[in-house]
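Here are my notes from a pass through this one, written for someone with the viewer open. Skip around as you like.

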Amino acid sequence: MDRLGYYKTLGLKENATQDEIKSAYRKLAQKYHPDAPGVTEELKKLKTNEEKDALNKEMQKKFAEISAAYEVLSDQKKREAYDSGVDEGSFDFGDSIFGSFFGRSKRPQKAEPKVENITVTLLDVLNGTTKKYKVPRKILCKGCDSVGYKNSSTCKKCKGTGVCIEVVNMGGMHLQREAHCKTCSGRGIIVQGPPCSECSGKGRKIEENTVELEIPKGVCEGTQFLFPNGGDEEPGLGAGDLIFVVNVKKDTRFHQLTQEHLYVEEHVPIKALLTLAPLKIKTLGGKEAEVKMPDISKVDLGEEFLCVFGEGLPRQKRENIRGNLFVRIVPVFCAPKDLKQLGSELVEHVEKRENRGALEAKFVHRRTIRDTAGEEREESRSGSSKECRTM
Ligand SMILES: [Zn+2]
Ligand SMILES: [Zn+2]
């Protein structure tokens, strides 16, 4: 980008004041405005319509250029951004009246991108993979030049451009702007005769496109793969891009704690835990990793995570760095095979306790009766003495 482009357009130096900018714009606008007396004079001198059209277009272009330069330089924020090197194309002229005039408004240069969602497994993230995808795309029909009809002629009104200049009255000022040609609906051609047999008059056909996609290790949810111009073709525009968006499928056993760390719940029989032997954990890659048992007299297994270092997922773009696999032990009670014997032992044990309990209960009961009887006796004795006294 020419850093001084806008200043040059208005014939100014980089340190121009706002007054200088305004004055320069006013002078140039009077000179190049399509309705300016000078332009009208010039047009009268020209004989053919082609020559007049060419001059009109040139004036419109010049006027649009100076308007765009003024639009940016007269606005302090836009001017600062421009001076600091922000791309011209990033200025939005949408709100400006000049934006819609003389074709200054931004037009798409290519068709809309085609977005395809693809699903990969955690194992794909671990190892990377190559997959083939069938992506149907719309392509222009060559049989009819994407017109849809074999016989067509150029629209005389817009001379095939699909655009006509429209004069609009805005606050007493006659302004010209581009508008879709109504005669040909902006297509630039007038169609005749039967529709094209190849595309049934649609101008486009569906093509079955097979795309081979190399998915690297460590790919993340939402990663995009771009195939420039791999999308649909639109008449008058370049083909759109094809974009694949990655969706990582949830695994039934392994869960992503973060992008690279995995988490798993391991159900281990209590008996195995009590032996304190190292635990064997199956990793995502299918390996068996040995993990030392923690001191279960001090550690709450339900809360504490064990860690298998380096058995997580590879980091995106740095695949030799891998996350960890975190394991939470869920103790499982597994009854022994001779459950019946265990059952009877348990019953016996419980009965013994119950019997003892019953004996104890009887003992307590008797003591209570005996104690109460004693008290009663004592009470009756004292009562009789009372009676004796009253008598
Ligand atoms: Zn037309
Ligand atoms: Zn066709």
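The points below go through a helix, the cores, a loop glycine and a sheet.

1. First, the usual caveat: this is a predicted model, so read everything below as a description of that model.

2. Helix 2 (18-32) is a good place to start. Its 15 residues should span 21 Å at 1.5 Å a residue, and the end C-alpha atoms are indeed 21 Å apart, so the two figures agree.

3. Which residues of helix 2 are buried? They are I21, A24, Y25, L28 and Y32. These cover an arc of only 100° around the axis, so they sit on the same side of helix 2. Turn to the other side and you find D19, R26 and Q30 exposed. Helix 4 is part of what covers the buried residues of helix 2.

4. That leads to the largest nonpolar core, which has 18 residues. Y6, L10, Y25, I66, A69, Y70 and L73 have the most contacts inside it. Helix 1 (5-9), helix 2 and helix 4 (49-73) each supply at least two of the core's residues, and the largest share, eight residues, comes from helix 4. Y25 is worth a click, as it is on the list of buried residues of helix 2 and also on the list of those with the most contacts in this core.

5. Try A69 if you want a single residue to centre on. Beyond its neighbours within four places in sequence, A69 is in contact with Y6, T9 and L10. Apart from this core lies another one, of eleven residues, including V125, L126, F254 and L262.

6. Now for a loop. Is G218 buried or exposed? G218 lies in the loop between strand 7 (204-215) and strand 8 (224-227), yet it counts as buried because 22 other C-beta atoms lie within 10 Å, against a cut-off of 20 or more.

7. What does G218 touch, residues up to four places away in sequence aside? The list is V125, L313, P314, R315, Q316, K317 and E319. R322 is 104 residues from G218 along the chain, and their C-alpha atoms are separated by 8.9 Å. V125 turns up here as a contact of G218 and also as a member of the eleven-residue core.

8. Last, an open sheet of four strands, ordered 10-11-17-14, with mixed pairing. Strand 10 (255-256) and strand 14 (305-308) are at the edges; each has a single partner strand, so one side of each is left without a neighbour in the sheet. Strand 10 runs antiparallel to strand 11 (residues 262-269), joined to it by two bridges. To find the pairing on screen, look for H255, which stands opposite Y263 in strand 11.

Key. Residues numbered from 1 in each chain as written. Chains lettered and ligands numbered in written order. Predicted model: local features only at pLDDT ≥ 70, side-chain atom pairs only at ≥ 80, totals over all residues. Pairing = 2+ DSSP bridges. Core = buried A, V, L, I, M, F, W, Y, C linked by C-beta atoms within 7 Å. Buried ≥ 20, exposed ≤ 12 C-beta atoms within 10 Å, placed from the backbone. Contact = placed C-beta atoms within 7 Å. Expected span 1.5 Å × (residues − 1). Arc of directions from axis to C-beta.
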